[in-house]
Amino acid sequence: MPAIKDRNRAAGSGRSRPAPRPFVLWREVLTAYTAPALTAGAAGVATGQRDLAVAALTSIAGTSAVVALVVGAWLRHGGRPRRWTTTLPKAAVTAVLVLAVTGAAALLGWFAAQWLPAHTLLPATARLERLRIDLPLSAALATTVVTLRWRSTVAARRR
């Protein structure tokens, strides 16, 4: 086996990075749900914060999954990426999408926490107040991870 590696290096391939796992949307959505559900849920259980443990499985993980689905589908655009998402630097694309999605999630969190109790029969609870933090934070993390994962697979395909 070492002879093969040496032969590849001698042929000019240099250090080879492992090829990134292909971007499969359902797998990204599943990961976007389970990662925050497990980590925030474990933190809630470990610290005795029941509301965090419940939010981990509902608003935190749910927001991450929905954002991963929407952003991932938008980036793929039916299998053909948009030109600016592949030509701009990876950090710029990620920053633009994170700002847009986080802003939308913050507005949704504000709407749910502020407007709903005032205009519907839903009572103002601590769980609704958590949405002001849970939604934008989950959206920012999910958008960052999905965008970077997608971009790494697009860059690998073009090489």
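This passage walks through the fold, salt bridges, packing, surface and largest pocket of a predicted model.

Some conventions help at the outset. The model is predicted, so local features are taken at pLDDT of at least 70 and side-chain atom pairs at pLDDT 80 or more, while totals for chains, interfaces and linings use all residues. Residues are numbered from 1 along each chain as its sequence is written, and side-chain values rest on heavy atoms, with hydrogens and water left out.

The protein contains six helices and zero strands, giving the pattern α-α-α-α-α-α along the sequence. These elements are DSSP runs numbered from the N terminus (helices H or I, at least four residues; strands E, at least two). Of its 159 residues, 35% count as buried; here buried means under 20% relative accessible area, exposed over 50%, and partly exposed in between, with a 1.4 Å probe and protein chains only. Contacts are heavy atoms within 4.5 Å, and among those between residues at least 6 apart in sequence, 70% join residues at least 24 apart.

Four salt bridges are counted in the model, each defined as a side-chain nitrogen of Lys or Arg within 4 Å of a carboxyl oxygen of Asp or Glu. One of them pairs Arg130 with Asp51 at 3.6 Å, N to O. Arg130 belongs to helix α6 and Asp51 to helix α3, so this pair ties together parts that are 79 residues apart in sequence. Arg130 also forms a salt bridge with Asp134, with 3.3 Å between the closest N and O atoms; these two residues sit in helix α6, four residues apart, or about one turn of the helix. Asp51, Arg130 and Asp134 are thus linked in a network of salt bridges. Within this network, Asp51 is partly exposed at 39% relative accessibility, whereas Asp134 is buried at 5%. Helix α6 also holds the pair Glu129 and Arg132, three residues apart and separated by about one helical turn, whose side chains meet in a salt bridge at 3.6 Å, N to O. Both partners are partly exposed, Glu129 with a relative accessible area of 37% and Arg132 at 33%.

Packing around helix α6 (residues 126–158) can be followed from Thr147, which lies in this helix. Thr147 is buried, with a relative accessible area of 1%. Leaving aside residues up to four places away in sequence, Thr147 touches Val71, Leu75, Val93, Thr94 and Leu97.

Turning to the surface, the protein exposes about 10100 Å², of which carbon and sulfur atoms supply 68%. Accessible areas come from the Shrake-Rupley method with a 1.4 Å probe, and for residues only the protein chains shown count as cover. A nonpolar surface patch is formed by Trp74, Trp84, Leu88 and Val96, with about 320 Å² of accessible area together. Patches consist of residues with over 30% relative accessible area and no salt bridge, joined within 9 Å for like charges and within 5 Å for nonpolar side chains (Val, Leu, Ile, Met, Phe, Trp, Tyr). Trp74 is located in helix α3 (residues 50–76) and is partly exposed at 32% relative accessibility.

The largest pocket holds about 370 Å³ of space. Its lining comprises 20 residues, with Ala32, Ala35, Pro36, Ser64 and Leu141 the closest to its centre. The elements that give two or more residues to this lining are α2 (25–47), α3 and α6, and α6 gives the most, with nine residues. A pocket is an open set of points on a 1 Å grid over the protein atoms alone, where a 1.4 Å probe fits, with protein on both sides within 12 Å along at least five of seven lines; lining residues have an atom within 4 Å of a point. The volume is the space filled by probe spheres set on the points, which are joined across faces, edges and corners.
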